[in-house]
Structure formats: structure tokens, C-alpha cells
Amino acid sequence: MHFVRPFFILPHLFSEGIWRMDPKQPTVYLTFDDGPIPEITPWVLDILAERQVKGTFFCVGENIERNRDIFDRILNEGHRVGNHTYHHLKGFETPTDRYLDNVKRCQQLTGTHLFRPPYGRAAKAQLKRLKPDYKIIYWDVLTGDYDPTISPERCYQNCVDYSRNGSIIVFHDNVKAKENLYYALPKSIDTLKENGFSFGLL
């Protein structure tokens, strides 16, 4: 089970990060974690291109090195990239120096000012060290596409029911999210547009 919207205390406990953009603007921000991979990411890019929408991809360094052509396509099509560590590390379980070295290794590939901790989990000491160099991005809507207990329809409803002005929305371009993502992403974009939202880049 997960909370679609972050538990109310989390943005206060982890105030180093950005959880939502401007609440006065009818703009939402699509983000995709864990790629790039050939099984999913090109399809995501096709959907975004068809609907003339841009997104932000939080990339894992080892996936970039394996799939440099897909990473280059993300950039060439006008999307933004973020750092998601090199090995998709859990911050709470990783010594700070090792964690920061892993972020740095990914940074050499991405050259970005955006960072999202995998699983949304990083220790305060890690965040404090990262904050001077990165915008640390969390989320306002976690669709749950990776969760096998959630149906594709529920994933879609999570996105459209909870999105609001300034929402940062999380999808995943990884294999375990495939079924829910394939159903929910195009339908969510179409519904959000019908509801008057535009799509921004972080």
C-alpha cells in the first residue's frame, strides 16, 4: 500500500526537497523514474511526442550507460533529465559518502541540476550535502504504476483524481510498471488536458 499524495508531515520533515510547484498555475509536471530502458522508455517518448507533451526523466546511471541512444533521444526531443543515482540506491541503507559518490557518478552522465532519491528515501545528512548543488525533487502524486496490487484503472484514477495545480506526478519507465503505465499514461494525459491542465518541465 502507498499514499498517492505524500503523508502530510513528509514535506515538513524533508523540506530540503520540492514536493509541489506553483499552486496558482494550472500546470502539472510528468516525471518518469528508473530508465532509460529499451522495453519501456521509447514507448513513453512516443506517447509524449504524439500528445506534444514534455516530461522529466530521472535516470539511473547504469541504465544510461547501457542505453545511451535512448538517453540521447530523451534530450533531443526536448525533455529534461534528472539524477536518480548510478545504482538506484536506497539512501537510508547506504553510508553517506558512498551514496554521494554514486550520485556524482550519475551526475557525470546527466549533467543535471535535478535529483530525486530512489524510493524517495535519503537521509537528512545526504540531503544536506546534496542541496547546494541540486534541486531535490519529490512528488505530489505517486500513481502507483509499479504496484502489482493496483489495477491499471486505479493507477489512472490515482493520477487524474489527485492531480492539482502544480502537481509533480510520478510514473516509472521500468518493466514492473509496464501494464499500468501502458494503460494509465496516455489516458491520464488526455484527461488532464481536458481538465484544463498544461504540462511543464521541472
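A residue counts as buried when its relative accessible area is under 20%. By that cut-off D34 is buried, because its relative accessible area is 11%. The model is predicted. This briefing covers unusual backbone geometry, two helix topics, the cysteines and two single residues.

**Backbone in the loops**

- Most residues other than glycine have a negative phi, and most peptide bonds are trans.
- D34 departs from that sign: its phi is near 95°, a positive value in a residue that is not glycine.
- D34 sits in the loop between β2 and α2.
- That loop, between β2 (27-33) and α2, also holds P36.
- The peptide bond from G35 to P36 is cis, with omega near 0°.
- T85 is another residue other than glycine with a positive phi, here near 70°.
- T85 belongs to the loop between β4 and α5.
- T85 is buried, at a relative accessible area of 0%.
- G78 follows α4 and has a positive phi, near 85°.

**Helix α4 and its buried side**

- Helix α4 spans residues 68-76, and its buried residues are I70, F71 and I74.
- These residues cover an arc of only 100° around the axis, so they lie on the same side of α4.
- The face turned away from that buried side carries the exposed residues D69 and N76.
- Cover for the buried residues of α4 comes from several elements, including the helices α2 (41-50), α3 (61-66) and α5 (96-110).
- The strands β3 (56-59) and β4 (80-83) are also among the covering elements.

**Packing of α7 on α8**

- Two packed helices are described by the angle between their axes and the distance between the axes.
- The axes of α7 (residues 152-162) and α8 (residues 178-194) come within 8 Å and cross at roughly 35°.
- The crossing of α7 and α8 is right-handed.
- On the α7 side, the contact is made by P152, E153, C155, Y156, C159 and V160.
- On the α8 side, E179, N180, Y183, A184, K187, S188, T191 and L192 take part.
- The residues of this contact divide into eight nonpolar, three polar and three charged.

**T191, a residue of α8**

- T191 lies in helix α8 and is buried, with a relative accessible area of 14%.
- Not counting residues up to four places away in sequence, T191 touches Y156 and V160.
- T191 and T94 are 97 residues apart in sequence and 40 Å apart in space, C-alpha to C-alpha.

**H172 in strand β8**

- H172 lies in strand β8, which covers residues 168-172.
- H172 is buried, with a relative accessible area of 9%.
- Leaving out residues up to four places away in sequence, H172 touches D33, D34, D145, Y146, A177 and L181.
- One of these partners, D34, is the loop residue with the positive phi near 95°.

**Cysteines**

- A disulfide is a covalent bond between the sulfur atoms of two cysteines.
- A search of the whole structure finds zero disulfides.
- C59 is in no disulfide; the nearest cysteine sulfur belongs to C106 and is 7.3 Å away.
- A disulfide needs sulfur atoms within 2.5 Å, so C59 and C106 do not form one.
- C159 is in no disulfide either, and its nearest cysteine sulfur, that of C155, is 7.4 Å away.
- C59 is buried, with a relative accessible area of 1%.
- C159 is buried too, at 0% relative accessibility.
- C155 and C159 both take part in the contact of α7 with α8.

Notes:
Residues numbered from 1 in each chain as written. Predicted model: local features only at pLDDT ≥ 70, side-chain atom pairs only at ≥ 80, totals over all residues. Heavy atoms only, no water. Buried < 20%, exposed > 50% of the residue type's maximum accessible area, 1.4 Å probe, protein only. Helix = DSSP H or I, 4+ residues; strand = E, 2+ residues; numbered from the N terminus. Contact = heavy atoms within 4.5 Å. Axes fitted to C-alpha atoms, helices over the stretch in contact; angles between N-to-C directions. Left-handed = near helix turned anticlockwise from the far one by under 90°. Nonpolar A, V, L, I, M, F, W, Y, C, P; charged D, E, K, R; others polar. Arc of directions from axis to C-beta.
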